[in-house]
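Hi,

Here is the structure I said I would pass on. Have a look first, and then read my notes below.

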There are 2 protein chains.
Amino acid sequence: MRTVYCGQVNETHIGQQVVLCGWVNRRRDLGGVIFIDLRDREGIVQVVYDPDLADVFERASQLRQEFCVKITGTVRARDERQVNKDMATGGVEVSGLELEVFNKADILPLDFNQTNTEEQRLKYRFLDLRRPEMSNRLKTRAKVSSLVRRFMDDHGFLDIETPVLTKATPEGARDYLVPSRTHKGQFFALPQSPQLFKQLLMMSGFDRYYQIVKCFRDEDLRADRQPEFTQIDIETSFMTAAQVREVTESLITHMWKEILDVELPAFPSMTYAEAMRRFGSDKPDLRNPLELIDVADILKDVEFKVFAEPANNPKGRVAVLCVTGGAKLSRKQIDDYTKFVGIYGAKGMAWMKVKDVAAGAEGVQSPVAKFLSADVITALLERTNAKDGDIIFFGADTNKVVTEALGALRLKVGVDLELTSNEWKPLWVVDFPMFEEDEEGNLNAVHHPFTAPMDVNAAELLANPANAISDAYDMVINGYEVGGGSVRIHKGEMQKAVFEILGIEDKEQQDKFGFLLEALKYGTPPHAGLAFGLDRLTMLLTGTDNIRDVIAFPKTTTAACLLTSAPSEANPASLEELSIAVVKKEKTTDAE
Amino acid sequence: MRTVYCGQVNETHIGQQVVLCGWVNRRRDLGGVIFIDLRDREGIVQVVYDPDLADVFERASQLRQEFCVKITGTVRARDERQVNKDMATGGVEVSGLELEVFNKADILPLDFNQTNTEEQRLKYRFLDLRRPEMSNRLKTRAKVSSLVRRFMDDHGFLDIETPVLTKATPEGARDYLVPSRTHKGQFFALPQSPQLFKQLLMMSGFDRYYQIVKCFRDEDLRADRQPEFTQIDIETSFMTAAQVREVTESLITHMWKEILDVELPAFPSMTYAEAMRRFGSDKPDLRNPLELIDVADILKDVEFKVFAEPANNPKGRVAVLCVTGGAKLSRKQIDDYTKFVGIYGAKGMAWMKVKDVAAGAEGVQSPVAKFLSADVITALLERTNAKDGDIIFFGADTNKVVTEALGALRLKVGVDLELTSNEWKPLWVVDFPMFEEDEEGNLNAVHHPFTAPMDVNAAELLANPANAISDAYDMVINGYEVGGGSVRIHKGEMQKAVFEILGIEDKEQQDKFGFLLEALKYGTPPHAGLAFGLDRLTMLLTGTDNIRDVIAFPKTTTAACLLTSAPSEANPASLEELSIAVVKKEKTTDAE
């Protein structure tokens, strides 16, 4: 019905008659003339109604915010002093000739100036999405999907759909279950990822697969999680881990270039061990210049047991974070940081302010200085390359506590003291351990049970599982894990060895993964893949840390949709047909 | 790891060394030489191992069907008498130099010659998909998806994802339910279509939306249905029905051109009333030249009550199908057709064989000829334009029975007598009734309750709902409804009128559609859309009438996955967390 989008009217249209369809963003009556800011998905243009056309002027005077209208008018240049350089259409305006009101609008339950709570915005999502800030995010998301698809197409990847109603998968999180009506008492699960299906597609010979696909996890949600999320899922046969990283890195480089016009640098690779040692994280934010520095060797002989004990314990770690300009921190701020590292299990935190490096031990101020010799202090200053005005934070505990606490502290002080730069810092983290020990001493898969170990056969893996390194890789950008993948196991013998190490017995192997073990018997190719989080990539590209901002109709952190009021009670007849019943428990009722 | 796909080795590679990765399709040992047909996703090439290279020859002699291997070799032209013109690679062969076995294969549980039952093929889907016939279908499907996305992108449509965990929708079929853990006793539903969400996106101003999206229906399945199916979902604002049809018709025309190199003709439009009258179907297969011909006027005065009564009843219909060349049908065949129309409620079927048109009443053979005057018979022959050798089948009953019975018979005899041509015959069916009366006399929506009526306001619709025509349209190709859509209601008043006509009371309106009625208050634009069945389009494009052939991992007609054994029993702890229990009923247990 329109001839041009509002946001695209420009000087080339001057003198032309145009038809516009959109919403009244604002009406102003000034000097006997009516000004309408008309908005559509591409932007806003100013329409002017003149009292000369009495009938249409009268109707234009009835327009209110968010009326949906069709306007016919003639494009003209604005007076020079009325040109608005902040608007794409600011050089022109439309002289209104006709007006059709498609639909009126009641007084809005939201104002568009963001004084609404997120709850209100979610309830009236259809209105909130009219804000250009919100609609632009979804437009960027659509652009990302489109660009990914063209890239994958152009690289010979086939888009193949995998089932949504499927069998419980072993990704570790809780499955969403779907009762079956035709198989009473049985359930489908919604996929946490299409992992096994994409592996089966490799076994079928499809060679290069991708899919942009919804995945589901019934977990307690955090700010950056949703019960349903979208994965860019990729799998290849006959490609090495390095080749998979190369093609997926070039996808992301292409994305940053197309969406942000940013040339990403080549992604460095860093081992998991190095990332944990230097940054206290397996997804290091390299925009932050701070690093954890090991000092156990310097402190292993001091009398101060808080340092000396972990320094001499093979499972301990003593490390420091030397924070540029941190000597200006107040006692209160240091106390707050001490509480913060407590979250990660640190029992207190020693610190040392560096006033005058040249003065050595005399130039520092620290509650623990008295326990340390001048030589030790000098060695610490040298090792950390400390400058006047820095503060050194100490971590001394188990390896796990020190690494996590200083890793988290590094991020926090980096932001607080504005040390973190504004660049893009992507990298690959590689060489993850295959397994990690839980508190009961059982081994769990760090990635998933289908990840191949590096450079060992099944017998060697069984002999020494704890030290096995997996051929897995994560892509990290600015501290976010945006994607992860691995080479997969393609031999039945190896797959059984991993199941055995994970304590999955023969019967359970057959029940859950019988089809996989069967499939591995018939010429499975070597294969590897990766999955990106589309939501997270879009968050990075649109500069938001709220995942709900990049999803059209998101759920709350209690997994509810405030717009449609889902979930809701089911029809009793439906439940009967499904042969299930709701079990009311006192405790549950109270808790709600 | 490969340098070229097997199926792409050709004369340009002669003299070059290539690396191939794939599966042993066949091994033959002939004249002291080993021939391997190596297969990958792009095709097959012949590899020859010569005894000169003793070590690799020895290893090649161990190869069996479906071993997965990497082969390095030199491409050479085949001897002229060995050129195979039926193979894309038939002019060349690869002289094998090296051989690496990635994985062996046990004796296959399927043979690839299709003597397997569909059950076996579904259980070993990963093997069945290795058959080029199957993998080509999925490759075509991927091509269709890719082409749709590029087309929609290029036409300014935004790909926006809608929720999978959502509220029960009113499409009429059973919903799949998903119990919520965080809201005990409540359930999500999987969407039967994103209908309301796409309408909300129009209310948000996105203007042109599309999505290729999974939808779910828990129905008893027929051969061409699956519990999860894929829809190409489209919605637009500010476009008329004709404009929506134009853009979607050009999408399908583009698809047929790109995939099949077929130029579809412009799609004719036909009203629902005309389609039912002439073809006895709202999805007429126009490849079939037969038409239902009304003859009530000719027969209303005959004494034969079987004809005269329905001919004089306003709810009756008397029509005939004049089948070219049908006079050769045997009595047995005619009896079988009579039984066939009985499925649709026809109580018997009169027929008339046309031996000699010129002879008029003398030239026909029919058990009912004795009840009809010569004039009537002549009039029938003229009306039907019958030729010597035809047969005329009579339908005389209620309008519904005659239309359905002759419509079904038309399709059946068209195929049986090979009257149906091999062209592509697309059309639009338009001007559907808004409502249809069920057996209890209640009105139900023919499309869905959000479809706009044509040319009436809410008061007029309420005054005469039974005769309202909807602004809905179906795209039909060769007798398949491949897509359907409508202009939607964009006024709250009209939406409430439709709910009222459908007997949905105020409280139920608020509970189920409160958010929609609320959204209609704030400047909803006029909007319209359409959805295609991607599975069905792919079936047409790949020439199969089995929907499972175009889905990588389909379900059986009892909605089970034979590959993964889904659905399966749930962990009791999971059910407890979800506050649901399986209700074991005697009857149910017996039935299984």
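What follows is a walk through what turned up, from the overall layout down to single residues.

Keep in mind that this is a predicted model.

**Layout and interface**

The domain assignment splits chain A into domain 1 (6-103), domain 2 (135-270 + 428-549) and domain 3 (288-420). If you take centres over C-alpha atoms, domain 1 of chain A and domain 3 of chain A sit 63 Å apart.

How much area is buried between chain A and chain B? About 10700 Å², with carbon and sulfur atoms giving 59% of that. Within the share that chain A buries against chain B, A:E161, A:F238 and A:Y522 supply 7%, more than any other three residues. In terms of contacts, 121 residues of chain A meet 121 residues of chain B.

**Annotated sites**

UniProt has two sets of "binding site" positions that may interest you, both from an unreviewed entry. One set is A:E171, A:R217, A:H447 and A:R488. The other covers A:R217, A:D218, A:E219, A:Q226, A:E481, A:G533, A:L534, A:D535 and A:R536. I looked at a few of these one by one.

A:H447, from the set with A:E171, is in the loop between β19 (443-445) and α13 (458-463) of chain A. This histidine counts as partly exposed because its relative accessibility is 25%, and buried would need a value under 20%. Leaving out residues up to four places away in sequence, A:H447 touches A:F432, A:S470, A:A472, A:D474 and A:G485. With A:D474 there is also a polar contact, side chain to side chain, at 3.3 Å.

A:D218 and A:E219 are both in the loop between β9 and β10 of chain A. Are they buried or exposed? A:D218 has a relative accessible area of 3%, so it is buried. A:E219 comes out at 26%, so it counts as partly exposed. Across the interface, the side chain of A:D218 makes a polar contact with the side chain of B:R181 (3.2 Å). Beyond four places in sequence, A:D218 is in contact with A:R174, A:D175, A:Y176, B:R181 and B:L578. For A:E219, with sequence neighbours again set aside up to four places, the contacts are A:A173, A:R174, A:R225 and B:R181.

A:L534 lies in helix α16 (residues 534-542) of chain A. Its relative accessibility is 0%, so A:L534 counts as buried. Neighbours within four places aside, A:L534 is in contact with A:R141, A:V144, A:S145, A:I212, A:T230, A:I232 and B:E161.

**Two helices**

Helix α5 (residues 195-203) of chain A is mostly covered: nine of its nine residues are buried. That includes A:Q195, A:K198 and A:Q199, along with A:L196 and A:F197. What covers them? In chain A, the cover includes β9, β10, α15 (506-519) and β22 (527-533), while chain B brings in β1 (17-30) and α3 (125-128). Just after α5(A), A:G205 takes a positive phi of about 95°.

Over in chain B, helix α4 (residues 132-154) has 23 residues and reaches 32 Å from its first C-alpha to its last, close to the 33 Å expected at 1.5 Å a residue. Just after α4(B), B:G156 has a positive phi of about 80°.

**Backbone points to check by eye**

Most residues other than glycine have a negative phi, and most peptide bonds are trans. Here are some departures from that.

The bond joining A:A566 and A:P567 is cis, with omega about 0°. In chain B, the peptide bond from B:A566 to B:P567 is cis too, with omega near -5°. A:P567 is in the loop between α16 and β23 (568-569) of chain A, and B:P567 lies in the loop between α16 (534-542) and β23 (568-569) of chain B.

That loop of chain A also holds A:A559 and A:S565. Phi is near 60° for A:A559, and near 60° for A:S565. A:A559 counts as buried because its relative accessibility is 5%, whereas A:S565 is partly exposed at 43%.

Best wishes

Terms used: Residues are numbered from 1 along each chain as its sequence is written. Chains are lettered from A and ligands numbered from 1 in the order in which they are written. This is a predicted model: local features need pLDDT of at least 70, side-chain atom pairs count only at pLDDT 80 or more; totals for chains, interfaces and linings use all residues. Side-chain values use heavy atoms; hydrogens and water are left out. Helices (H or I, at least four residues) and strands (E, at least two) are DSSP runs, numbered from the N terminus. The expected span of a helix is 1.5 Å times one less than its number of residues. Domain bounds come from an automatic or database domain assignment. UniProt positions are given in the numbering used here, feature names are shortened, and annotations may be inferred rather than shown by experiment. Buried means under 20% relative accessible area, exposed over 50%, partly exposed in between (1.4 Å probe, protein chains only). Contact means heavy atoms within 4.5 Å. A polar contact is a pair of N or O atoms within 3.5 Å; within protein, one must be able to donate a hydrogen and the other to accept it, and residues adjacent in sequence count only if both atoms are side-chain atoms. Buried area is the accessible area (1.4 Å probe) that two parts lose on being put together, summed over both.
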